[in-house]
Amino acid sequence: MSAQEPAQIYRHRFTGEKPDPSPLALAEEPPPWRKFADKPLNATKRKIEARLMDADQAARGRNYLADSEEAKLVNAALVLRRPLLITGQAGIGKTTLAYSVAWQLGLGNVLRWGITSRSTLKESLYHYDALARLHDASLRKEGVNDAKLDFGDYFTLGPLGTALLPTGAPGYLPRVLLIDEIDKSDADLPSDLLHVLEEGSFTIPEVARLPATQKGAAVRVNSDDKATKVDIPVNGHICCDDFPFIIMTSNGDRDFPPAFLRRCLQLSIPWERRAAQLDEIIKQHLGVSSKDDPTITELLRLFNEKRAESDATLAIDQLLNAIFLARSGAGVSPLEHQGIKEAIFKSLSESPQAPTV
């Protein structure tokens, strides 16, 4: 970084070989209206250790190429402790940005909540398997099972509930939560999220109602992070000390309530921005440039030609798949087989054709 360049937290041209959480010190102090729980500041300015990340998630984040506009919005969201709502066509890289931020800043595995029309706020916060507990209690009463019934064994925090767990450690090291395709949700879900996103906390009634004899100093439950056990307060109230970095993706299929949008920063990724990066993206993933291989040049031409068709939608990974096939030497090049070319470059907005009989 040159002396003239402003300091950045997340960098769109990051060349490090390993994660670097140190720039998070630039956002250590939150805005007064986004401070949720007291935590010790990193007064000694000790080095913050990066969290471990699964190899597949790390590879996904390491290979992402953000541009300067994306990096600026990410950094604004980190400083302001606000969710980032990203809109763009399918396959343009919206979800991968979450993995890129998590890897570069050493924030650990991304917690993911995939949205469907049946998704509810409660499922993202916690799940209590009361039926399983009742069944095990019945077996124990009958003498079939004498194992101790621990309430926490039947209780699992969801991705949002896990992301809101306090870290208790000095310095700023939030969890990363991906809320994928929120535009697929029921109409009420964005409004249901408002309170949790604004307060950075939620209460679990089932824990609050537990008899004191079953609570102890804390209640140990499963988390969404590979079923890791965590302690939660006996009053059932969970409040973050580092508001999580939340990315919500949308394909632009619906509008959201103004009250919901007010609580988010919005980033739109137009296709034209990605089109200018295609050669860099190919080199990042496959280690070769179109300037060095006429096969890639031709596949790029076919890809852009297909995208130029009316209402055609293609994802970047379709182009990467085509290039990989052509270079594989397995006799399945899209340039040599019409059926493979049509299958690889099939528009995502095109309905599958019914088989002929």
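## Packing, rings and backbone in a predicted model

Leaving aside residues up to four places away in sequence, Leu84 touches Leu73, Val74, Ala77, Phe245, Ile246, Ile247, Met248, Leu265 and Leu267. The model is a predicted one, and Leu84 belongs to its largest nonpolar core, a set of 54 residues in which Tyr10, Leu84, Leu97 and Phe245 have the most contacts. Helix 3, spanning residues 94-104, supplies the largest share of this core, namely 6 residues. A second core, separate from that one, has 40 residues, and Leu125, Phe155, Leu160 and Cys240 are included in it.

### Overall architecture and confidence

The protein is built with 14 helices and 11 strands, and 46% of its 357 residues count as buried. Among contacts with a separation of 6 or more, 79% are made by residues 24 or more positions apart. The exposed surface of the protein comes to about 18,200 Å², of which carbon and sulfur atoms supply 52%.

Confidence averages a pLDDT of 88 over the protein, with 89% of the residues at 70 or more. Which elements have the lowest and the highest mean pLDDT? The lowest value, 69, belongs to helix 5 (residues 130-141), whereas the highest, 98, belongs to strand 5 (residues 176-180).

### Aromatic pairs

The count of aromatic pairs in the protein is 7. In one of them, Phe256 and Phe260, the ring centres lie 5.4 Å apart and the planes meet at 40°, so the pair is classed as tilted. Phe256 counts as buried at 11% relative accessibility, and Phe260 is likewise buried, at 1%.

A further tilted pair is formed by Trp271 and Phe303, with 6.0 Å from centre to centre and 55° between the planes. This pair links distant parts of the chain, since Trp271 sits in helix 10 (residues 271-275) and Phe303 in helix 12 (residues 294-308), 32 residues apart. Trp271 is buried at 13% relative accessibility, and Phe303 is buried at 0%.

Elsewhere, ring pairs join Tyr126, Tyr128 and Phe155 into a cluster; Phe155 is also one of the residues of the second nonpolar core.

### Cysteines

How many disulfides does the structure hold? The number is 0. For Cys240, the closest cysteine sulfur is that of Cys239, and the distance of 5.3 Å is too far for a bond, given that a disulfide requires the two sulfur atoms to be within 2.5 Å. Cys240 is buried, with 0% relative accessibility, and is among the residues of the second core. Cys264 also counts as buried, at 8% relative accessibility.

### Backbone and loop residues

Two residues other than glycine can be described here by their positive phi. Arg81 has a phi of about 60° although it is not a glycine, and its position is in the loop between helix 2 (68-80) and strand 1 (84-87). With a relative accessible area of 3%, Arg81 is buried.

Glu181, again not a glycine, has a positive phi near 60° and is placed in the loop between strand 5 and helix 7 (189-199). Is Glu181 buried or partly exposed? Its relative accessibility is 29%, and Glu181 therefore counts as partly exposed, because the buried class ends under 20% and the exposed class begins over 50%.

### Ser268 and its surroundings

Ser268 is part of strand 11 (residues 265-268) and, at 48% relative accessibility, counts as partly exposed. When residues up to four places away in sequence are not counted, Ser268 touches Thr87 and Arg273. Asn251 is 17 residues from Ser268 along the chain, and their C-alpha atoms are separated by 9.9 Å.

### Accessibility of selected residues

The table brings together several residues discussed above.

| Residue | Relative accessibility | Class |
|---|---|---|
| Cys240 | 0% | buried |
| Cys264 | 8% | buried |
| Phe256 | 11% | buried |
| Phe260 | 1% | buried |
| Trp271 | 13% | buried |
| Phe303 | 0% | buried |
| Arg81 | 3% | buried |
| Glu181 | 29% | partly exposed |
| Ser268 | 48% | partly exposed |

Methods: Residues numbered from 1 in each chain as written. Predicted model: local features only at pLDDT ≥ 70, side-chain atom pairs only at ≥ 80, totals over all residues. Heavy atoms only, no water. Buried < 20%, exposed > 50% of the residue type's maximum accessible area, 1.4 Å probe, protein only. Helix = DSSP H or I, 4+ residues; strand = E, 2+ residues; numbered from the N terminus. Contact = heavy atoms within 4.5 Å. Areas by Shrake-Rupley, 256 points an atom, 1.4 Å probe, with all protein chains shown as cover. pLDDT = per-residue confidence, 0-100. Core = buried A, V, L, I, M, F, W, Y, C linked by side-chain atoms within 4.5 Å. Phe/Tyr/Trp six-rings, centres within 6.5 Å; stacked < 30°, edge-to-face > 60°.
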